[in-house]
Amino acid sequence: MSLQLSQAKIAFVGAGSMAEAIVRGLIQTEVAQPGNIYMMNRSNQDRLAYLRSEYGLNASSDLQTKEDYIAGADIIVLCMKPKDVESSFAELRSQLRENQLLVSVIAGLSVAKTEALLDTRMGIVRTMPNTSSTIGLGATGMSFSSNVNETYRGLAIQMFEAVGIVSVVDEDKLEIVTGVSGSGPAYVYYFMEAMTQAGIDGGLSLEDAKQLTLQTVLGAAHMVQHTNEEPAELRRKVTSPNGATAAAIEALDRFQFREGIIQAVNRSAERSKEMGEQIAAASTAGKSV
């Protein structure tokens with residue numbers, strides 16, 4: 001009988017906002033049981049107390065208890081900050097078993113480098129979720145090492161579908177996923193900042209400028225989703241020749257708006273790869289000392 005997510009014991013190494021987002025989704029959609037979820041951090045007792053109280057899960061920073069969490073887990077989710085990877089991996093290296101599934105939420109760190117740093121051949125799922133996962137509207141890119149079986153593939157996808165949509169891609173595409181959807185919410189927020197400021201500069205109240213901007217972005221996203229039309233076609237439909245919108249698009253083109261977004265996506269992808277290489281280099285240096 002294959003393992004069901006409702007039966008799986010899931011240990012989160014790192015108890016920050018992304019870990020909490022995943023946990024909230026798992027519990028709210030009832031695809032995992034709070035009693036089967038284990039969260040751990042280094043020392044923040046207030047954070048762990050909040051997680052226990054809010055979700056009814058298990059949480060600890062005690063070294064022996066954390067080892068017990070890892071030993072009993074079917075799925076281990078790596079959610080630590082990049083600066084904590086070296087020390088966390090040093091602790092984990094001797095505790096992992098090859099019949100467990102490792103899920104990484106560490107930007108830029110490849111499967112091969114994770115295997116090397118942990119000295120393991122266990123199945124590894126590399127993921128790139130985004131912050132909208134905190135409200136169940138996330139977008140997660142996901143790839144699998146060659147030794148992840150079908151049962152574990154299904155469990156990993158189900159985990160992240162609890163907080164949004166999942167796109168399974170080849171691992172070499174995960175950096176561009178980071179550029180598009182991982183960093184993507186920030187581009188939209190930046191765009192909204194500018195629209196709001198323009199409204200205020202034009203005489204609108206702060207509240208009116210914010211609400212009009214919010215509803216405009218929300219409505220545009222829903223139009224793409226509900227009509228299933230391409231954004232370019234929807235843009236053409238609202239852009240009358242020589243009209244106000246056409247003039248606005250011409251202004252954006254003069255400032256190379258499209259090219260700027262493309263460059264932002266590509267730079268985010270490059271930086272993600274750089275960060276992964278820096279983590280690997282630091283960890284390798286630490287092991288050789």
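This talk describes a predicted model of one protein chain, with attention to a central strand, its neighbours and several salt bridges.

Good morning, colleagues. Let me begin with the chain as a whole. The protein chain contains 12 helices and 8 strands. Its C-alpha trace extends about 70 × 40 × 40 Å along the principal axes. Of its 289 residues, 40% are buried. The accessible surface amounts to about 15600 Å², and carbon and sulfur atoms account for 54% of that area. If we consider contacts between residues at least 6 apart in sequence, 64% of them join residues at least 24 apart.

I turn now to strand S6, which covers residues 123–128. How many of the residues of S6 are buried? The count is 6 of the 6, so the strand is largely enclosed by the rest of the structure. In a regular strand, side chains alternate between the two faces of the sheet. In S6 both faces are covered: Gly-123, Val-125 and Thr-127 are buried on one side, and Ile-124, Arg-126 and Met-128 are buried on the other.

Next, the partners of this strand. Strand S5, residues 101–104, pairs with S6 in the parallel sense over 4 bridges. Within this pairing, Leu-102 has Ile-124 of S6 as its bridge partner. Together with helix H5, residues 111–118, the strands S5 and S6 make a right-handed β-α-β unit. S6 is also joined by 4 bridges to strand S7, residues 138–144, and these two strands run antiparallel. Here Val-125 stands opposite Phe-144 of S7.

Helix H5 deserves a further word, through one of its residues, Glu-115. Glu-115 has a relative accessible area of 14%; this is under 20%, so the residue is buried. Its side chain is joined to that of Arg-121 by a polar contact of 2.9 Å. Beyond its neighbours within four places in sequence, Glu-115 is in contact with Thr-120, Arg-121, Ile-124 and Ser-145. One of these, Ile-124, is the residue already named as the bridge partner of Leu-102.

I come now to the salt bridges, of which the structure holds 14. I have chosen three of them for discussion.

The first returns us to S6. Arg-126 forms a salt bridge with Glu-175, and their closest N and O atoms are 2.5 Å apart. What does this pair tie together? Arg-126 lies in strand S6 and Glu-175 in helix H7, residues 174–182, so the salt bridge links parts that are 49 residues apart in sequence. Both Arg-126 and Glu-175 are buried.

The second pair is Lys-83 and Asp-84, whose side chains meet in a salt bridge at 3.3 Å, N to O. Are these residues buried or exposed? Lys-83 is exposed, at a relative accessible area of 66%, whereas Asp-84 counts as buried, at 18%.

The third pair lies in helix H12, residues 257–288. There the side chains of Glu-270 and Arg-267 meet in a salt bridge of 3.4 Å, N to O. The two residues are 3 apart in the helix, which means that about one helical turn separates them. Glu-270 is partly exposed, with a relative accessible area of 45%, and Arg-267 is likewise partly exposed, at 40%. Through salt bridges that share partners, Arg-267, Glu-270, Arg-271 and Glu-274 are joined into one network.

To close, I return to S6 in this predicted model: the strand is buried on both faces, pairs with S5 in the parallel sense, and runs antiparallel to S7. Thank you for your attention.

Technical notes. Residues are numbered from 1 along each chain as its sequence is written. This is a predicted model: local features need pLDDT of at least 70, side-chain atom pairs count only at pLDDT 80 or more; totals for chains, interfaces and linings use all residues. Side-chain values use heavy atoms; hydrogens and water are left out. Buried means under 20% relative accessible area, exposed over 50%, partly exposed in between (1.4 Å probe, protein chains only). Two strands pair if DSSP finds at least two bridges between them. A crossover is right-handed if, with the strands pointing away from the viewer, the path from the first strand over the helix to the second runs clockwise. A salt bridge is a side-chain nitrogen of Lys or Arg within 4 Å of a carboxyl oxygen of Asp or Glu. A polar contact is a pair of N or O atoms within 3.5 Å; within protein, one must be able to donate a hydrogen and the other to accept it, and residues adjacent in sequence count only if both atoms are side-chain atoms. Contact means heavy atoms within 4.5 Å. Accessible areas come from the Shrake-Rupley method with a 1.4 Å probe; for residues, only the protein chains shown count as cover.
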